[in-house]
Amino acid sequence: MKKAIIVGATSGIGKGLAKLLIDNGYKVGITGRRTNLLIELKNENPDRYVIKSFDITDTNNLSQQLEELVNELGGLNLLIISSGTGNLNDNLDFETEKQTIDTNVSGFTAITDWTFNYFEKQTFGHLVAISSIAGLRGSRQAPAYNATKAFQINYLEGLRQKSNKLKTKITVTDIRPGFVDTDMAKGEGQFWVASVDKASRQILNAIKNKRKIVYITRRWRLIAALLKLVPGQIYDRM
Ligand SMILES: NC(=O)c1ccc[n+]([C@@H]2O[C@H](COP(=O)([O-])OP(=O)(O)OC[C@H]3O[C@@H](n4cnc5c(N)ncnc54)[C@H](OP(=O)(O)O)[C@@H]3O)[C@@H](O)[C@H]2O)c1
């Protein structure tokens with residue numbers, strides 16, 4: 001049986017993916033800070049879920065947490081990072097930005113590093129992270145969120161390059177959603193909002209096909225292309 005870990009599976013996309021992986025025959029390690037929600041999910045299929053509650057900003061502790069989880073699962077084929085945070089921050093309150101950086105940069109990096117090293121030792125594995133289309137350009141409303149997502153996109157590209165250079169069988173997939181109907185989708189003017197179910201199904205397909213970069217839902221790649229085309233002088237006034 002294949003083994004997967006989803007970091008950030010208490011709600012939203014991570015929870016949707018956990019259920020789909022169970023339907024697809026995986027044994028799944030699920031994590032998050034809200035232990036009660038992990039227990040709720042485990043109760044749906046007690047033999048196939050292993051739970052571990054931890055905060056990814058506690059980076060000193062992450063290796064041990066992940067090692068214990070892998071031991072309980074009995075191996076690891078796939079690790080998905082769906083944990084993330086971000087808030088509108090018109091007043092540029094540093095504590096708000098710091099929480100985003102601690103989670104989306106420090107926590108994210110500690111997890112990807114541990115996972116890549118683990119996969120390198122075992123010579124194969126699939127690392128998937130949910131970044132965001134937001135990482136393509138800056139944001140006046142949530143500067144840290146977009147900047148940290150840009151970091152994730154760039155970091156994942158680096159790991160893909162490293163995997164190729166090492167000639168390993170490590171796949172690195174960068175999932176870039178537009179809007180998905182979860183607590184994370186904040187702010188005015190949302191459009192093309194996908195259900196968690198639809199987004200999760202498209203992400204699972206991308207995982208099965210070992211895609212490198214995927215926009216969720218698919219039509220968001222049009223917005224991505226447009227975003228990349230807008231000249232800086234115009235973007236700065238938007
Ligand atoms: N929804 C969207 O429109 C959208 C668009 C683009 C990208 N994304 C990205 O998709 C990913 C998943 O978000 P979502 O939409 O599914 O939102 P969500 O329902 O809020 O899920 C976020 C998950 O991250 C976990 N998490 C957050 N901070 C954590 C921490 N410090 N330690 C451990 N776990 C933590 C949460 O668990 P606990 O709270 O239990 O710890 C939760 O399971 C995020 O990276 C987000 O940036 C979302």
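This briefing covers the sheet, the helices packed on it and the ligand shell. The model is predicted. Its 7-strand open sheet has parallel pairing, and 29 residues surround the ligand. Helix H1 (12-23) contributes to the shell around the ligand and also meets helix H6.

**Sheet**
- The strand order is E3-E2-E1-E4-E5-E6-E7.
- Strand E3 (49-53) and strand E7 (213-216) are the edges, each pairing on one side only.
- From one strand to the next, the twist averages 15°.
- Strand E1 (residues 3-7) pairs with strand E4 (residues 78-81) in the parallel sense over 4 bridges, and Ile6 stands opposite Ile80 in E4.

**Helices on the sheet**
- Helix H5 (residues 143-166) packs on the sheet, where it touches strand E5 (124-130) and strand E6 (169-177).
- The direction of H5 makes about 160° with that of E6.
- H6 lies across E4, E5, E6 and E7 and runs at about 155° to E6.

**H1 and H6**
- The axes of H1 and helix H6 (residues 196-208) come within 9 Å and cross at roughly 60°; the two helices are therefore oblique to each other.
- Their crossing is right-handed.
- On the H1 side the contact includes Gly12, Ile13 and Leu20, and on the H6 side Val196, Ile203 and Leu204 are among the residues met.
- The residues of this contact divide into 7 nonpolar, 3 polar and 2 charged.

**Ligand shell**
- The closest residues to the ligand are Gly8, Gly12, Gly32, Arg33 and Gly84.
- H1 and helix H4 (94-122) each supply at least two shell residues; the largest share, 3 residues, comes from H1.
- The shell consists of 9 nonpolar, 16 polar and 4 charged residues.

Note on methods
Residues are numbered from 1 along each chain as its sequence is written. This is a predicted model: local features need pLDDT of at least 70, side-chain atom pairs count only at pLDDT 80 or more; totals for chains, interfaces and linings use all residues. A residue is near a molecule or strand if its C-beta atom, placed from the backbone, lies within 6 Å of it. Ala, Val, Leu, Ile, Met, Phe, Trp, Tyr, Cys and Pro count as nonpolar, Asp, Glu, Lys and Arg as charged, and the others, Gly among them, as polar. Axes are lines fitted to C-alpha atoms, for helices over the stretch in contact, and angles run from 0 to 180 degrees between N-to-C directions. Angles under 35 degrees count as roughly parallel, over 145 as roughly antiparallel, 65 to 115 as roughly perpendicular and the rest as oblique. A crossing is left-handed if the near helix is turned anticlockwise from the far one by less than a right angle, and right-handed if clockwise. Two residues are in contact if their C-beta atoms, placed from the backbone, lie within 7 Å. Two strands pair if DSSP finds at least two bridges between them.
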